[in-house]
Amino acid sequence: MYPYPQGGKLIHPDSVASPRVVKAVTELVKVNAHPNRHKIPENLPTFPVDHSQLKTVKLGEGNKDFVLINSSGDTIPTGIPIPARGKTVKAIQPLPTKALPPAFKDALTNLQYFDVDQGMGSSYLSSILEDKSGNISFGTLDRGVSKYDGESFVHFTEAAGLSDNRVTSILEDKSGNLWFGTQGGGVSKYDGESFVHFTEAAGLSNNDVRSILEDKSGNLWFGTQGGGVSKYDGESFVHFTEAAGLSNNYVRSILEDKSGNLWFGTWGGGVSRYDGESFVHFTEKEGLNNNSVWSILEDKSGNLWFGTQGGGVSKYNGESFVHFTEAAGLSNNRVRSILEDNNRNLYITTVKGLTQISPLPASPEGGEVFAIQVFGTQDGLKGLDFYHNSALIDSKNRAWWGSGKGLTMLDLNKFNPSAQIPQPLLKQLDINEQFLDYRNISDSLGNEIAFKSVQKFENYPLNLELPYHKNHLTFHFAAIDWAAPHKIRYSHRMLGLNDNWSNPTREAKADYRNLPYGTYTFQIRAIGASEVWSEPFEYTFTINPPWWYSWWAYTLYGLIFLAALRSFSLWREQKLRKEKEQLQQKVEERTGELKKKSEELEHSLEDLKSTQSQLVQQEKLASLGQLTAGIAHEIKNPLNFVNNFSEVSLEMIEEVRDEIAKILRDGAEGAGGAVRTSRDLSVPEAESAPEAESPPEPESQNSPQNAISEILDDIEANLKKIYEHGSRANGIVQSMLMHSRGGSGKMEPTDLNALIKEYVNLAFHGMRAGKNPINVDIQFELDDSIGKIPMIAEDFSRVILNICNNAFDAMRDKLTEDGRPETAASYLPELTVRTKSENGTITLEIEDNGPGIPDEMKDKILQPFFTTKKGTQGTGLGLSITNDIIKAHGAILEIESIQGEGSIFRINIQN
């Protein structure tokens with residue numbers, strides 16, 4: 001039974017379904033463990049072994065008829081009969097058991113059995129362990145434990161000190177003590193001399209113990225049936241239950257992986273991984289095939305294999321699960337134990353047999369490939385209902401399995417599955433469900449069928465030709481595999497009819513009914529215990545067509561068709577001639593109507609073109625009007641400066657006059673003369689001075705003369721401001737004139753950032769000077785690395801104006817339509833203009849926080865004459881012309897909008 005290399009997953013993809021791969025959930029839920037610690041009572045009950053109940057047999061004494069046969073076949077005299085219970089019992093080494101009747105070669109020649117006849121205490125084995133001394137202990141479901149040293153059995157039962165005769169798990173700790181988990185009596189520790197029982201009264205969480213493990217730190221873990229897991233450190237118990245984070249309190253298997261993580265297989269809660277701090281649960285939701293896990297194995301590659309109760313085996317590599325079920329070749333989906341031998345072969349026991357999974361070289365497509373072989377009673381197995389925990393590969397490379405029919409042992413050192421590939425042969429061919437002897441065929445049938453000869457030693461014709469009504473064929477075939485004939489399966493196909501192989505079956509015949517005429521090749525292949533498909537056997541034959549499908553029949557059909565076609569053609573020509581005359585008359589009538597309608601359409605087209613030109617001109621005038629309004633607003637600010645400073649200058653001149661008048665008034669009072677007003681400043685100061693000259697007083701910093709000088713300086717500064725802003729007004733006027741004249745239409749290097757600033761501000765002031773102005777917060781985020789780029793500045797400025805004006809209109813609509821007092825106070829219109837340069841592309845974005853563009857309008861806003869403005873406020877040409885200008889610059893316009901939040905107009909320019 002050598003593994004066969006097949007593509008897919010486990011066995012040949014034509015015969016079974018491929019295993020299902022389920023991605024494991026990476027974000028697993030972690031549950032903190034909060035164990036309760038239970039102190040063990042100081043005085044545990046100790047049960048000494050009653051050695052008086054154990055009978056030691058000395059070889060060679062007594063009756064010479066009582067003998068044992070060792071593993072080599074030698075006869076050893078014992079002298080006395082061997083009691084069956086409670087004593088040391090010499091084992092009768094079983095002989096290999098033939099798997100098949102003598103007429104066939106045995107499939108497995110190295111199977112051996114132990115049962116009560118050979119000295120076992122019971123036929124129902126539920127656990128197996130090999131200790132450090134090489135002894136093998138077998139736990140039973142009703143008779144305690146049987147220890148086998150290779151020559152004899154020693155039975156430990158309740159009478160010998162065991163807490164319960166139903167032993168479901170066995171462990172040997174690092175100190176050499178044996179621990180027996182029982183089904184109702186807790187755990188019994190045996191040190192070679194006496195038993196110590198640990199039950200619920202001693203701190204164990206439950207008396208039904210199904211699995212035992214000793215971790216790397218020397219702690220013992222007991223998986224119970226309903227009490228979760230109890231950890232024993234030699235002094236006290238710590239209980240892990242559902243309340244502490246365990247997925248389920250029914251724990252059937254425990255494993256410690258190479259990283260030190262503990263894995264608990266539960267009955268209904270999947271698998272719980274415990275890293276010392278928290279639990280991680282793997283269930284069907286995370287990719288496991290079934291939530292009842294009865295056995296766990298870590299293979300030599302670090303993969304974990306979970307045997308489930310109903311879901312087959314799930315392989316977990318840390319990232320994903322691969323499921324092996326009955327559909328993939330497993331003997332049954334209810335798995336009891338998993339073993340791995342030195343060659344990385346897996347042996348999986350179920351309730352209905354033994355399955356071997358062998359790794360094969362990776363397929364050309366990549367991924368792992370496995371071969372599956374199933375062994376049953378026909379292969380030599382005595383019992384198929386294997387038990388949980390009852391599997392072991394011992395130090396001598398022998399596999400032991402316990403079932404409901406005793407103990408089965410397979411020597412893996414001598415195990416060599418069959419390598420023979422069965423070769424199929426065609427044996428007999430039936431026609432229309434009749435057996436025919438082709439060597440003695442009747443004359444009547446011989447006139448209908450034709451063949452060259454008959455195959456030697458078989459009964460089928462070569463180069464067979466059949467009439468069309470002899471089209472029901474039954475093929476009988478056979479193949480030989482002396483090692484395991486019961487495992488031969490066949491698959492067939494009929495090339496020319498169906499290229500797909502049939503599902504493998506043990507039936508050695510294929511039936512094909514109502515085959516159409518043609519040439520066919522029947523192929524048959526076989527597969528046996530080697531699990532390798534044979535080369536296909538081929539048989540070619542022909543079914544002739546009926547006379548109405550012959551060549552001369554097709555010739556006759558062709559002549560009849562040509563004659564009918566000629567008759568139809570003559571009739572058709574005559575009919576078409578009449579229809580042509582009628583059609584000619586209708587054409588003349590319709591031509592006159594079409595000419596009249598054509599003239600009407602031409603007139604309508606001229607009207608449409610005229611209307612379109614007017615609308616385009618209207619859009620141009622509207623843009624020019626907004627530009628003019630903006631320029632007027634720009635001129636208004638400098639003129640305000642002119643007016644304000646002029647007014648201030650007049651006031652300062654008045655102050656000069658007042659100061660001079662004050663000086664004159666003070667001088668007049670000192671001289672006793674009349675007071676002169678500031679209007680009489682034309683009179684020289686020397687005439688009003690007294691005749692008596694007084695010595696001149698030195699001028700102080702606060703003298704009227706200095707004040708007059710400062711005022712005159714301010715006047716001079718104000719006049720300079722007037723000149724500066726007057727010049728600015730002149731520049732704005734010049735810009736307006738240049739824009740109204742239009743540009744040259746040539747691409748010229750242009751400072752994009754400066755152009756954007758100028759025309760965004762121009763659009764803003766135009767809006768402010770127009771009807772219903774609003775306040776807008778304008779933000780510039782311009783990339784200074786962008787220099788001058790070639791463009792038509794006059795045209796591109798119009799793009800900026802149109803987009804900004806649309807943004808202002810949209811934000812005005814949002815402010816006015818939703819403008820309840822509280823809404824208007826919370827909404828501030830914002831316009832953000834940004835530029836950036838990336839990978840040779842310059843991007844201009846104009847973003848507003850207006851109401852956004854509805855989805856149903858996004859594809860329409862660039863169409864000519866489409867507008868959302870009310871009445872005659874817009875023509876629908878603004879964005880269409882804008883898009884045309886952008887395309888003329890080799891750029892692309894993108895629009896993003898979220899209704900209720902705003903819009904972004906993005907222009908990508910290739911630099």
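This passage describes two open sheets and a charged surface patch in a predicted model.

The sheet made of five strands is open. Its strands run in the order 46-48-49-51-50, and the pairing is mixed. Strand 46 (777-781) and strand 50 (892-898) stand at the edges. Each has a single partner strand, so one side of each lacks a neighbour in the sheet. From one strand to the next, the twist averages 15°. Strand 46 pairs with strand 48 (residues 830-838) in the parallel sense. Five bridges join these two strands. At one position of this sheet, F780 stands opposite V833, which belongs to strand 48.

A further open sheet is built from three strands. Their order is 36-40-42, and the pairing is antiparallel. The edges are taken by strand 36 (425-431) and strand 42 (509-512). Each of these edge strands has a single partner strand; one side of each is therefore left without a neighbour in the sheet. Neighbouring strands are turned against each other by 15° on average, direction ignored. Strand 36 and strand 40 (residues 473-478) pair over six bridges, in the antiparallel sense. I431 has L473 as its bridge partner in strand 40.

In both kinds of pairing, parallel or antiparallel, the strands of a sheet are held in register through backbone hydrogen bonds.

The surface carries a negative patch. E599, E600, E602, E606 and D607 form this patch. Among them, E602 lies in helix 2 (residues 551-671).

Methods
Residues are numbered from 1 along each chain as its sequence is written. This is a predicted model: local features need pLDDT of at least 70, side-chain atom pairs count only at pLDDT 80 or more; totals for chains, interfaces and linings use all residues. Side-chain values use heavy atoms; hydrogens and water are left out. Patches are made of residues with over 30% relative accessible area and no salt bridge: like charges are joined within 9 Å, nonpolar side chains (Val, Leu, Ile, Met, Phe, Trp, Tyr) within 5 Å. Accessible areas come from the Shrake-Rupley method with a 1.4 Å probe; for residues, only the protein chains shown count as cover. A salt bridge is a side-chain nitrogen of Lys or Arg within 4 Å of a carboxyl oxygen of Asp or Glu. Lys and Arg count as positive and Asp and Glu as negative; His and the chain ends are not counted. The place of a charge is taken as NZ of Lys, CZ of Arg, CG of Asp or CD of Glu. Helices (H or I, at least four residues) and strands (E, at least two) are DSSP runs, numbered from the N terminus. Two strands pair if DSSP finds at least two bridges between them. Axes are lines fitted to C-alpha atoms, for helices over the stretch in contact, and angles run from 0 to 180 degrees between N-to-C directions.
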